[in-house]
Amino acid sequence: MTASFLAPFLEHSRWFGGKGRAFAVTGTRELLRLGTDPEVVLLLVEVTYDGAERELYQVPLALYDEPQDRLEHAKVGHWPPAEDGSGRPAYDALHDRAATAHLLRAFGERPGFVRLPGHDLDLDAPGSLFSGEQSNSSVLFGEDSVLKMFRKVTPGENPDITTHRVLTEAGSPHVAQLYGWIEVEDLQLGMLQQFLRTASDGWDLALASVRDLFAEADLHAEEVGGDFASEAARLGTALAEVHAQLAESFSTTSVAGADLATAMANRLTAAVEVVPELEEYAASAQAVFAAVAGLGDVPVQRVHGDLHLGQTLRTVLGWKLVDFEGEPAKPLAERVLPDSPWRDVAGMLRSFDYAPHAVAESMPEEDPDVLHQRGVRADEWARRNRKAFLAAYLGGQPLWPAARTLLTAYVVDKAVYECTYEARNRPTWLPIPLAGVARLTAS
């Protein structure tokens, strides 16, 4: 029997990547079962779009013999599905502390739950689901560890695990240490990491800095207490050190600039199908991409792939980079390919542009003078932090012409990607990256 009840559950889940597209649940498969009362089932759900393209999603279920009123908000249906409704009440296991305890205790005890040496894991720490917006789901276990369960899964290497393992074993201070991961057959389903007790979200810190600036309309960014430029510079240094470590730990190679330019051009063409408003800027953007074709071979290596302020955490010991999965919309085979480090730099530069304009959008205002002042200050904040970040990343060296050409193209490419993402996930935010594309292609 088809588990049709899973379709509405997926559609209303924040982490589901197929929003806005017609799809059907075309298959399910149990990967393993753990524990009792509740019994935890790691369920693999196959989704098919337009009768052809397929994706796999992981849905951990907590099965009970009787309905659980306390978990009604996380109810998925009955499992296994049956026409007479005889299946057991099933809930999203990550909302259930009793179910997540089974997952934690399985590390080091059950095949597939791989545990790295070097940390005395607290196997009795209580689990609580992280409530922030993510394309995966994370469970915090006290102040000891964090379990990230991947929702959209693909057979083969997950770059989040591979990259964290390399940086952990190299002693990098810029990531949360990797404690272990979950692997069933050829699927990597989750990763267990160090809990960063003093961590603050980089995006939230940037927004706070902008709000401080907007509250002091007559002052410049460097005159306001919440100035972010020194933090932007520390982020630039951290990224440079991570890139250096990744270049040492993974293989490096090169790709033809013409191939990069073609890929960017193709992504723009596809984005215009989703966001017709991009057509107005397409010719200018294509000219930016075309310049990359003249660069010859471009050095590439393992990179983050989807870096922005929301992928950074500030701790008392410095900045940490998180989520090395790459852009979630791309196929896994593409996300593990080496890329230019300028992709990560471009992502951060776009994020410094995003933050002040996101704050401005969240503060309704009709006075044209106030709106003009905020616009000026927003551009000033973005420019100041982009400059501080880039200078630190370059270690004081000037940006050479070929790098400038690449960086400009990656920044435009990133802004185009943001347009597609916002159109599908947060349509009210679409004007922010659209305005970014307009500015970038006008210069």
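I take a salt bridge to be a side-chain nitrogen of Lys or Arg within 4 Å of a carboxyl oxygen of Asp or Glu. The model I am examining is predicted. By the salt-bridge rule I obtain a count of 31.

**Entry 1: Arg29 and Glu185**

I looked up Arg29 and found a salt bridge to Glu185, with 3.1 Å between the closest N and O atoms. I then asked which parts of the chain this pair ties together. Arg29 belongs to strand 1 (residues 23–34), while Glu185 sits in the loop between strand 11 (178–184) and strand 12 (187–194), so the bridge joins parts 156 residues apart in sequence. For accessibility, I note Arg29 as partly exposed at a relative accessible area of 37%. Glu185 is exposed, at 54%.

**Entry 2: Arg88, Asp65 and their network**

I next recorded the salt bridge in which the side chains of Arg88 and Asp65 meet, at 3.3 Å from N to O. Arg88 is in strand 5 (residues 88–92) and Asp65 is in the loop between strand 3 (53–63) and strand 4 (75–79); the pair therefore ties together parts 23 residues apart in sequence. I list Arg88 as partly exposed, with 25% relative accessibility. Asp65, with 61%, counts as exposed. I also traced a network of salt bridges that includes both residues: its members are Glu30, Arg33, Glu39, Asp65 and Arg88.

**Entry 3: Arg234 and Glu231**

Within helix 5 (residues 229–249) I examined Arg234 and Glu231, which are 3 residues apart, a separation of about one helical turn. Their closest N and O atoms are 3.1 Å apart, and the two residues form a salt bridge. Is Glu231 buried or exposed? I find Glu231 buried, because its relative accessible area of 18% falls under the 20% limit. Arg234 is partly exposed, with a relative accessible area of 41%.

**Entry 4: Arg314 beside the helix 5 pair**

I then turned to Arg314, which lies in strand 16 (residues 312–315). What does the side chain of Arg314 make with the side chain of Glu231? I recorded a polar contact between these two side chains, at 2.7 Å. Glu231 thus appears in my notes with two arginine partners: Arg234 through a salt bridge and Arg314 through a polar contact. Leaving aside neighbours within four places in sequence, I find Arg314 in contact with both Glu231 and Arg234. The other residues contacted by Arg314 on that basis are Thr198, Ala199, Ser200, Leu205 and Trp319.

Notes: Residues numbered from 1 in each chain as written. Predicted model: local features only at pLDDT ≥ 70, side-chain atom pairs only at ≥ 80, totals over all residues. Heavy atoms only, no water. Helix = DSSP H or I, 4+ residues; strand = E, 2+ residues; numbered from the N terminus. Buried < 20%, exposed > 50% of the residue type's maximum accessible area, 1.4 Å probe, protein only. Polar contact = N/O pair within 3.5 Å; in protein donor to acceptor, adjacent residues only side chain to side chain. Contact = heavy atoms within 4.5 Å.
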